[in-house]
Amino acid sequence: MADYEYLVEVNDLQMHFPVKTGFFKKTPLKAVDGVSFNIKPGETLGLVGESGCGKTTVGRTLLHLYEPTGGTFKFKGEEVTSKNIGRLRKEMQMVFQDPYSSLNPRMTVEDIIGEPLDVHHLYESKEDRREQVLHLMELVGLNAEHATRYAHEFSGGQRQRIGIARALAVHPSFIVCDEPVSALDVSIQAQVINMFEELQEKLGVTYLFIAHDLLVVHHISDRIAVMYLGRIVEIADADELNENPIHPYTLSLLSAVCVPDPIKAKANKRIILEGDVPSPLNMPSGCPFRTRCRYATEQCAQEAPSLTDRGNGHMVACWNK
Ligand SMILES: Nc1ncnc2c1ncn2[C@@H]1O[C@H](COP(=O)(O)OP(=O)(O)OP(=O)(O)O)[C@@H](O)[C@H]1O
Ligand SMILES: [Mg+2]
């Protein structure tokens with residue numbers, strides 16, 4: 001029995017990039033500014049928010065592709081540091097948004113999927129390597145005849161399957177899926193999402209599943225976290241978040257989603273956000289959302305609200321809701 005409840009425990013994670021803003025001046029760009037969440041083994045946490053709110057940076061920082069500037073990340077109860085990341089890297093993989101640029105077009109499918117096996121010395125003979133690659137291809141629904149073909153010969157959906165097979169090659173227990181279906185045709189998106197779910201059932205992997213679109217993550221997520229300007233503003237079970245959203249920003253995200261039912265659509269008064277997202281180089285004081293929030297008060301400008309539990313683990317960071 002494992003001696004941890006959560007596979008992934010993130011506490012107050014920070015990623016501040018030093019950005020040149022003048023000849024001698026560097027200003028910290030607060031891409032991720034105090035993010036905390038936990039994920040149980042075999043579960044999926046959806047992470048949503050507008051472009052630029054810091055979703056990819058969260059994923060990359062967890063995998064130490066960026067050295068975090070603050071906070072802690074515990075994986076299976078062990079704090080991940082620059083010292084042990086080498087050993088843990090095999091357990092944590094990332095699947096990228098753009099299946100066109102993330103795979104080398106001049107490599108065969110067999111070599112793309114086999115590369116991580118080479119890097120981690122995970123086979124005994126050429127035949128063994130080939131067998132493992134074919135098994136991975138079967139897992140993600142690719143035909144064995146495709147092994148000798150080149151990545152550029154495939155459609156977006158198939159390329160994403162190749163990317164996933166490659167991530168799975170080292171038997172990771174945690175996969176950061178960074179908008180893996182955003183670049184695909186809508187007709188293909190559901191197939192690829194279903195594949196992620198089937199893989200989770202078969203292999204028991206844990207996902208951090210990043211997307212713009214709440215509908216996409218709702219389907220696959222056990223819990224969903226909503227991000228705005230480097231912070232999580234609301235986090236709850238997926239159904240609870242959709243049925244009882246509390247944070248004004250989550251409400252605006254949900255009202256931007258198309259509702260197929262016309263009666264519901266009428267009841268669902270659209271909340272259009274005014275103004276632009278502030279620059280993360282020049283964050284508003286207090287609550288980062290207050291400049292676009294119709295409920296904002298003086299308190300919101302003074303002090304940033306932290307996440308508080310509104311019952312059953314539904315956490316919201318808002319003074320007024
Ligand atoms: N290496 C970097 N150096 C400096 N700033 C960066 C770096 N990477 C990201 N940023 C900035 O950090 C902020 C968050 O970027 P990030 O890519 O994490 O957002 P995102 O939510 O993934 O957006 P998208 O939905 O467009 O993928 C942005 O303001 C971005 O410009
Ligand atoms: Mg991104």
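The following paragraphs describe the overall dimensions of a predicted model, the packing of four of its helices and the surroundings of its ligand.

The structure is a predicted model, in which local features need pLDDT of at least 70 and side-chain atom pairs count only at pLDDT 80 or more, whereas totals for chains, interfaces and linings use all residues. Residues are numbered from 1 along each chain as its sequence is written, and chains are lettered from A and ligands numbered from 1 in the order in which they are written.

The secondary structure of the protein comprises 11 helices and 12 strands, taken as DSSP runs numbered from the N terminus (helices H or I of at least four residues, strands E of at least two). The radius of gyration, taken over C-alpha atoms, is 21 Å, close to the 20 Å that the globule rule (2.2 Å times the number of residues to the power 0.38) gives for 321 residues, so the protein is as compact as a globular protein of that length. Along the principal axes, the C-alpha atoms fill a box of roughly 70 × 55 × 50 Å.

Two packed helices are described by the angle between their axes and the distance between the axes. Here the axes are lines fitted to C-alpha atoms, for helices over the stretch in contact, and angles run from 0 to 180 degrees between N-to-C directions. Angles under 35 degrees count as roughly parallel, over 145 as roughly antiparallel, 65 to 115 as roughly perpendicular and the rest as oblique. A crossing is left-handed if the near helix is turned anticlockwise from the far one by less than a right angle, and right-handed if clockwise.

Helix H3 (residues 109–119) packs against helix H4 (residues 126–139) at an angle of about 115 degrees, with the axes 10 Å apart, and the two helices are therefore roughly perpendicular to each other. In this right-handed crossing, Glu 110, Ile 113, Gly 114 and Leu 117 of H3 meet Arg 129, Gln 132, Val 133, Leu 136 and Met 137 of H4, where contact requires C-beta atoms, placed from the backbone, within 7 Å. The residues of this contact divide into five nonpolar, two polar and two charged, with Ala, Val, Leu, Ile, Met, Phe, Trp, Tyr, Cys and Pro counted as nonpolar, Asp, Glu, Lys and Arg as charged, and the others, Gly among them, as polar.

The axes of H3 and helix H5 (residues 156–168) come within 7 Å and cross at roughly 30 degrees, which makes H3 roughly parallel to H5. The crossing is right-handed, and the contact involves Val 109, Ile 112, Ile 113 and Pro 116 of H3 together with Ile 162, Ala 165 and Arg 166 of H5; six of these residues are nonpolar, none is polar and one is charged.

H5 also packs with helix H6 (residues 186–203), at an angle of about 15 degrees and with the axes 10 Å apart, so H5 and H6 are roughly parallel to each other.

Around ligand 1 there are 14 residues, of which Phe 17, Ala 31, Ser 51, Thr 56 and Thr 57 come nearest, a residue being near if its C-beta atom, placed from the backbone, lies within 6 Å. The shell has six nonpolar, seven polar and one charged residues.

Key:
Two residues are in contact if their C-beta atoms, placed from the backbone, lie within 7 Å.
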